[in-house]
Amino acid sequence: MARKKSSGSHREEDRCNDEARRYFLKQSSLLTAIAITPPTILKAVASEWDKKAAEYFEKTPLTIEINGIKHKLSIEARVTLLDLFREQLALPGTKKGCDHGQCGACTVHVDGKRVLSCLTLAVMLEGKKVTTIEGLADSENLHPMQQAFITNDGFQCGYCTPGQIMSAVACIREGHADSDEEIREYMSGNICRCGAYPNIVKAIADVKKGGQKV
Amino acid sequence: MIENFLPSNQKADPNDRVDGRAKVTGTATYAAEHKAENIVFGFLVGSTIAKGRIKSIDSKNAEHAPGVLAVITYLNCPKVPGYQTVKDPSKPTVNQPLHIFHDSEILYYDQPIALVIADTYERVRHAATLIRAQYEKAEHHTGMEENMSRARRPSDNESNDYKRGEEDAYKKAAIKIEQTYSQPIEVHSPIELGSIIAQWEGEDKLTVYTKTQGVQDTQQAIMEAFKIPLQNITVHAEFVGGAFGMALRTWPYEIAAIIGAKKVGRPLKIVLSREQMFTNVGSRPTALQKIGLGSTHDGKLTGITHEAFAHTSSNEEFTEAIVNISRCLYACPNVNTRYKVVPLDVCTPIWMRGPGEATGSYALESAMDELAHALSIDPIELRLLNHADVDPESNLPWSSKYLKECYQMGAEKIGWNQRRQQPGTLKEDEWLVGYGMGTGTFGAFRWGAIVKARLSPDGNLLLQCSVNDMGPGTATMMTKIAADSLGLQANKVTVDMGRTGLPAGPTQGGSATTSNVGSAVYDVCSDLKIKIAELAGKDGSVFKNANNNNVKAEDLLFADGGVSLAKDPSVKASYSDLLKQNNSPALEITKESKGDGPEQKKYSMRSFSTHFVKLLVHPATGVVRVNHVVSCADAGIIINPKTAASQMIGGAVGGIGMALMEEIVIDQRFGKLINNNFADYHVPVNADIPNIDVLFVNKKDPYTNPMGSKGLGEISLIGMAAAVANAVFNATGKRIRSLPITPDKLI
Amino acid sequence: MINFQYIKASTPKAAIDALIKDSAAQFIAGGTNLVDLMKKGVTAPEKLIDITNLDLKKIEKQKGKLYIGALALNSEVAEHDLVSKEQPLLSLALKAGASQQIRNMATVGGNMLQRTRCPYFYNTDMPCNKRQPGTGCGALKGFNRMHAIFGASDKCIAVHPSDMCIALMALNATVLITGPKGDRQIPFADFHRLPGDTPQKDNNLERGDLIIGVEIPDNNCNQHVHYLKVRDRTSYAFALVSVAVALDIQNNIIKDIRLAMGGVAHKPWRLKEAENFLKGRTVSEDNFRQAATLAMHGAKGHGYNNFKLKLAPNSIVETLKIATQKA
């Protein structure tokens, strides 16, 4: 389908969609190329216009840089950044612990800030730079925080660990690692059921004290 | 396969975890992260009633939703061969898992009623919301307090009532304590969600990647359910993101994935939601315990009565050793215990870290603290006065017991001399300060394991065992034992583990992995040493010449990646040279190590721990801040102090959660869980946890296993909740006998 | 979640126009509450209008007031020099909420609009008049440990979960709004509603309204401030009760005081009676205790939250003590 250009249209909504493009794909023989919103489809199914209802998907283009690589994607708006990593981009390092922003296992950096990828709609990150645990170290050498976690045994099962490390690096960059007490508070958004907390604090304090660039 | 990467330019601590690099780089692959061609996604829809039956399910809208391949319910579920076994109606069901999609019966809230399968995760989650069910409600029973009349004796012999001496002797004692303690349902809540990828090959070959604590057990369960040959079932669990007991059985969601994968002919992944992790994969039972303690005026126990009620499900009997701690911890001539289970309409409970003892120790150790207070003697003094020098239940000597040392070491480290005997009299600013302690014990179990070792001509050692690790550090422990035994650098050892097809390892549980697998590693390395000695002692070798012929393993030192003659270390060769010079292929030995020696019957084998807590309580708000924790363990020889300390810390954190915040809440009107999520079910966060000091007695046990170790994964938690509760009493003078001790209970 | 449409707005007018055109559309900014509610099925907008590109992020002094744009991030506001210096109570309150990750995503406007975390609201198979008017209040005779002791009705006893809003209430903020009918302002005290018979309405916005920012007038109360949040664990948890206090003290006399509570009502709860009592009185625990007793007029427990009847006044006293002891 041809891209709809916004020039020549004065509707505010089109100006809104200056960059956005919508692609519609239909496979049903009965339904033609008209905009179909979810309730319409459901109504269609309910009233049995077509038992094999049109398999359609509405996708939004997205250009996003992840770990230094620019991705040009076309995804549904409902895809979270976390599920984009884990199910579409083969980046399973970021973990799903609750999917509701309650455990911190999905913590990544977006434009340098630590955020929860499970509550982030990927389409809202047009043009942003994302770093996941896979992108933290720049080569064979571990990032000082990764090494500190190993040295201080800041993990056991390892599942919350990527989120802890991304959070820990941000914690120091934010300037929130000036004391053990501050580290504890500012790391409280990352739950560790194995209970590695004291060693996590030690790892962060070590890196802070060591003065290496994080 | 755990590749032990230790870069040469970094100072590596030999105690660092061998899988550390994988975990900190996000390259450790957990169940849901495995790749499969054409994989599809499944999601379970749960019942919105607690008890009754499904009258109808309307799955039409779900079936027609974009991308949906199938919807499976009891109406169309393919027959699972193993479900056809007839239950014996005369006996309460034991080990009788819920048969998913077997019939229309609803046994608990959120029980799966449908499996929706679609080609993307987003589509399956959406389609799942389109399932509509009508129910016929039945009266539900979901609260233990309200259903005590339904309590019954468990059907297994291990749970029989026990008595030595006189029953309820405490009633006649000079000083007596008689109290009731209650604990809510607790849920394991590992951060990794229950996950499985099931992939069929043809009609009867199956591979699963799943969250399990025992790949062999999962394999067995799948065989029993689907009646396909055991060797056709491959179970992978190379990395497990915590479990704490919830992965000790194969759950209905796993069976559902296998059914679904067969139905759609594609690999199927199911990942439970966090809400489902609270409703569908077991819990530590809620418990009501009555303790009666009687003693002389001098503090010598004359009677212990310990009665416990704990919940099980309505369809299955779950039992655990809640009251057993009272039989063996203290020297007391008159002890009797009683235990009943109360069936409730919830998911069957499952062992949770320190099953039985974690629950029982809270009651017993709180009661002991109450007794100490009534006697006006120091709580540690009371423990020492009643120290059991032999196991009072079996009358066997202990294989080793350094509990007294644990009391002493822990007390010194926490600063126990700062504690006031009179509660509520110590303050720091406006905070009340309290010190408390608790004792923990758990069996030092060992059953067996098979490990294969392969020493290659390049001098590298490969260890293989099907055992898998949910966090304690199994591969690291195996590496350590082998490296120490053979004098190898840790990065010369590779561990291949976590799947079936490898030599049979144990299920990870019971604090027994080091004892089971470590012993097998120890034994296989001992056998390797014999083979190495044989090689070294071949005709014409420098060893043979220098040693008056006959080279035995005892004549050699195994160090620096090779061997040397003990009496003349200049006579040496690396393993690599030895094998190459002799044109030897890799040395391979498969060794089974069993803990079934005569010592098991001659000694009582238990690990012991003490927990000391200093905490602050705000008198106006009731907020509790744990200030300092000292946990001390008698766990025999400590194989790896780093990972062992982490286990102790982890258990202490779990104990703090148990004592101060964890509680499943059920709205009894509906029989539904209210707080089945991480925002409302509170596990400790970083700010809750202070400095935790871990101490080990580190004295060898002569009988448990060749290393002399005892388990510690669970004594790390057992006794901790009592230590916290006792510290709260010391701080405030308020004895809280129902967990968790939240601020509202203290104001 | 349904596969909703997604559009990005480049001006407030465009955003508003898009919203009122489509009754199934909602604004999205940080998404930390909205995406969660959508995942739970509590709300299912068919179109999301992304307003994160709008130029509503400023934090600055404007005409003697501290102006904070609606899209300013919670974390940025909490750490901003102007805020720390001039309205430190706001900074303290923000830092007590959620986690740094969430504060890095959440906006000021979103924080105000976040919905209650009542489990009966959140669970779509439970009765809830807020989520589905007429279905009843599950919490009223249910598990109501976290629920309101002030201003509730038999239709709804939920609490507003925000910490930031308690501070904004105490600081007499004004909410700046633009909507289909133009610009207007609402005093913060009138922004959130009591449940009454219409618990489905959390606040007094009308459809199409867009929060532009908040204004906080200067005050002399930035020397003695404290935000106390009492909760079931040390961090990353909602309040059992919370207290925001800011005082202007001269020669041990309370010249001005702002006092508000969270975790106790459907809206941030201003303690005017207590404030009026304390104005002109000396700093003393006895006065604090009397004020706290006054503050509890009309308080009513619903069973599991009866402890708040004691915790609330205790917390008020403690917060006043801490604030007045600070230099």
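**Interfaces, salt bridges and cysteines in a predicted model**

Guide: In this predicted model, 57 residues of chain A are in contact with 64 residues of chain B.

Visitor: What makes these residues of chain A and chain B count as in contact?

Guide: Contact is assigned where heavy atoms lie within 4.5 Å, and by that cut-off the count comes to 57 residues in chain A and 64 residues in chain B. Chain A and chain B bury about 5,100 Å² between them, 55% of it on carbon and sulfur atoms. On the side of chain A, the residues that lose the most area to chain B are A:Q156, A:R193 and A:Y197, which together make up 16% of what that side buries.

Visitor: How many salt bridges and how many polar contacts are counted between chain A and chain B?

Guide: The count is five salt bridges, and the rule for polar contacts finds 27 residue pairs across this interface, with both residues at pLDDT 80 or more. The elements of chain A that give two or more residues to the side touching chain B are α2, α3 (81-88), α4 (144-151), α5, α6 and α7 (197-210). By class, the residues of that side divide into 28 nonpolar, 13 polar and 16 charged.

Visitor: Why is the pair of A:K95 and B:E33 called a salt bridge?

Guide: The closest N and O atoms of A:K95 and B:E33 are 2.9 Å apart, and because the cut-off between a side-chain nitrogen of Lys or Arg and a carboxyl oxygen of Asp or Glu is 4 Å, the pair qualifies. The pair crosses between chains, from A:K95 in the loop between α3 and β3 (107-110) of chain A to B:E33 in the loop between α1 (20-25) and β1 (40-46) of chain B. Both A:K95 and B:E33 are buried.

Visitor: What describes the contact of chain A with chain C?

Guide: This contact takes 43 residues from chain A and 44 residues from chain C, and the two chains bury about 3,600 Å² between them, 54% of it on carbon and sulfur atoms. The count between chain A and chain C is two salt bridges; in a salt bridge between these chains, the side chains of C:E76 and A:K113 meet at 3.0 Å, N to O. Across the interface, 15 residue pairs are in polar contact, both residues being at pLDDT 80 or more. On the side of chain A that touches chain C, at least two residues each come from α1 (12-16), α2 (38-46), β4 (113-116), α5 (161-174) and α6 (180-186), and the largest share, four residues, is supplied by β4(A). That side of chain A has 15 nonpolar, 15 polar and 13 charged residues.

Visitor: How do you know that C:D55 and C:K58 form a salt bridge, and is each of the two exposed or partly exposed?

Guide: Their closest N and O atoms are 3.8 Å apart, which is within the 4 Å cut-off, so the pair is counted. C:D55 has a relative accessibility of 60% and therefore counts as exposed, the limit being over 50%, whereas C:K58, at 40%, falls between 20% and 50% and so is partly exposed.

Visitor: What makes the salt bridge of C:D202 and C:R115 a link between separate parts of chain C?

Guide: The side chains of C:D202 and C:R115 meet at 2.6 Å, N to O. C:D202 lies in the loop between β7 (182-187) and β8 (210-217) and C:R115 in the loop between α7 (108-113) and α8 (119-122), so the pair ties together parts that are 87 residues apart in sequence. C:D202 is called buried because its relative accessible area of 11% is under 20%, while C:R115, at 22%, counts as partly exposed. Elsewhere, salt bridges that share partners join A:D83, A:K96, A:D99 and C:K39 into one network. Over all chains the count comes to 65 salt bridges.

Visitor: Why is C:C156 in no disulfide?

Guide: Zero disulfides are found over all chains. For C:C156 the nearest cysteine sulfur, that of C:C137, is 5.7 Å away, and because a disulfide needs the sulfur atoms within 2.5 Å, C:C156 is not assigned to one. C:C156 is buried, with a relative accessible area of 5%. C:C221 is likewise in no disulfide, the nearest cysteine sulfur, that of C:C165, being 19 Å away, and C:C221 is buried, with a relative accessible area of 1%.

Technical notes. Residues numbered from 1 in each chain as written. Chains lettered and ligands numbered in written order. Predicted model: local features only at pLDDT ≥ 70, side-chain atom pairs only at ≥ 80, totals over all residues. Heavy atoms only, no water. Buried area = accessible area lost by both parts, 1.4 Å probe. Polar contact = N/O pair within 3.5 Å; in protein donor to acceptor, adjacent residues only side chain to side chain. Nonpolar A, V, L, I, M, F, W, Y, C, P; charged D, E, K, R; others polar. Buried < 20%, exposed > 50% of the residue type's maximum accessible area, 1.4 Å probe, protein only.
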